[in-house]
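Here are two short exercises to work through with the model open. Try each one before reading its solution.

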Amino acid sequence: DLLSGLERSGAGSVEIGFPFSDPIADGGVIAQAMHDTLQSGQSVDDLLSAVGSARSQTKLGLVAMISISLIERMGGASFLGRLARTGFDGVIIPDLTVEESLPYRDVARENGLAFTLLIAPTTPADRAAQIAEACSGVISGLARTGITGERAEAPDVAAPVRRLRDLTDAPLAVGFGISSAEHVRAVIDEADAAIVGSALVRRMIEAERPAEEAEAFCTALAEGLPRQA
């Protein structure tokens with residue numbers, strides 16, 4: 001229901017987070033959601049089963065957001081093949097270094113998975129170029145340093161996005177703190193996609209009908225996208 005609603009509302013892809021006991025750069029909202037999921041007894045197998053069941057019902061791009069520690073616990077680089085067989089289209093590994101990424105990149109390529117590492121605004125240009133070269137599909141950049149979470153002010157992404165444009169021709173998606181149509185518009189003026197996490201998860205946690213709330217919120221966010229001709 002959630003994925004179908006997000007697709008109707010204008011989302012292009014959905015990151016599906018794999019709950020982890022030591023979240024990477026996640027603020028209070030997502031960290032709490034992960035904690036609650038783990039406490040409820042949900043497992044990686046449960047999540048994969050749910051995604052596999054939903055795959056035929058949506059054309060959304062589905063991207064796994066998963067810690068390298070969890071991948072290693074599930075068998076290492078070969079686990080990426082399982083993600084692809086389940087129905088994922090890509091994987092983001094936020095805490096994998098570019099130096100250690102080659103085996104994972106190879107498995108992702110062999111299985112048709114887009115492969116993404118994160119680039120921060122403070123990443124030096126030569127290292128950002130290395131990371132961009134290691135990625136396939138969308139490049140994921142951070143609008144701000146720090147941890148995830150909603151912000152009142154729109155992110156100023158012009159400088160970091162233009163820096164990445166000089167390093168890669170790949171499409172750029174930018175997240176961290178985006179929570180309104182105004183924020184989406186500010187990101188889309190420079191990048192190719194806006195990523196919304198904490199603001200969406202908070203509304204789902206607080207709602208009686210999470211899927212309906214997610215669809216309504218994403219519909220509002222989509223007002224910040226360019227109008228189709």
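**Exercise 1: the cavity**

The largest cavity holds about 60 Å³ of space. Your task: work out how many cavities there are and which residues line the largest one.

Before starting, note that this is a predicted model, where local features need pLDDT of at least 70, side-chain atom pairs count only at pLDDT 80 or more, and totals for chains, interfaces and linings use all residues. Residues are numbered from 1 along each chain as its sequence is written, and side-chain values use heavy atoms, with hydrogens and water left out.

Step 1. Count cavities (sets of points on a 1 Å grid over the protein atoms alone where a 1.4 Å probe fits but cannot get out): there is 1 of 30 Å³ or more.

Step 2. Find the lining (residues with an atom within 4 Å of a point). The largest cavity has 12 lining residues, and Gly141, Leu142, Pro160, Val161 and Leu164 lie nearest its centre.

Step 3. Ask which elements contribute two or more residues: strand S6 (139–142) and helix H8 (158–165). H8 gives the largest share, 4 residues.

**Exercise 2: the sheet**

Your task: trace the strand order and find the edges.

Step 1. Strands are DSSP runs of E, at least two residues, and helices are runs of H or I, at least four; two strands pair if DSSP finds at least two bridges between them.

Step 2. Here 4 strands make an open, parallel sheet, ordered S1-S2-S3-S4. S1 (13–17) and S4 (114–116) are the edge strands, each pairing on one side only.

Step 3. Check one pair: S1 and S2 (residues 61–65) run parallel over 5 bridges, with Ser13 opposite Gly61 in S2.

Definitions and conventions
On a 1 Å grid over the protein atoms alone, a cavity is a set of points where a 1.4 Å probe fits but cannot get out, and a pocket is an open set with protein on both sides within 12 Å along at least five of seven lines; lining residues have an atom within 4 Å of a point. Grid points are joined across faces, edges and corners, and a volume is the space filled by probe spheres set on the points.
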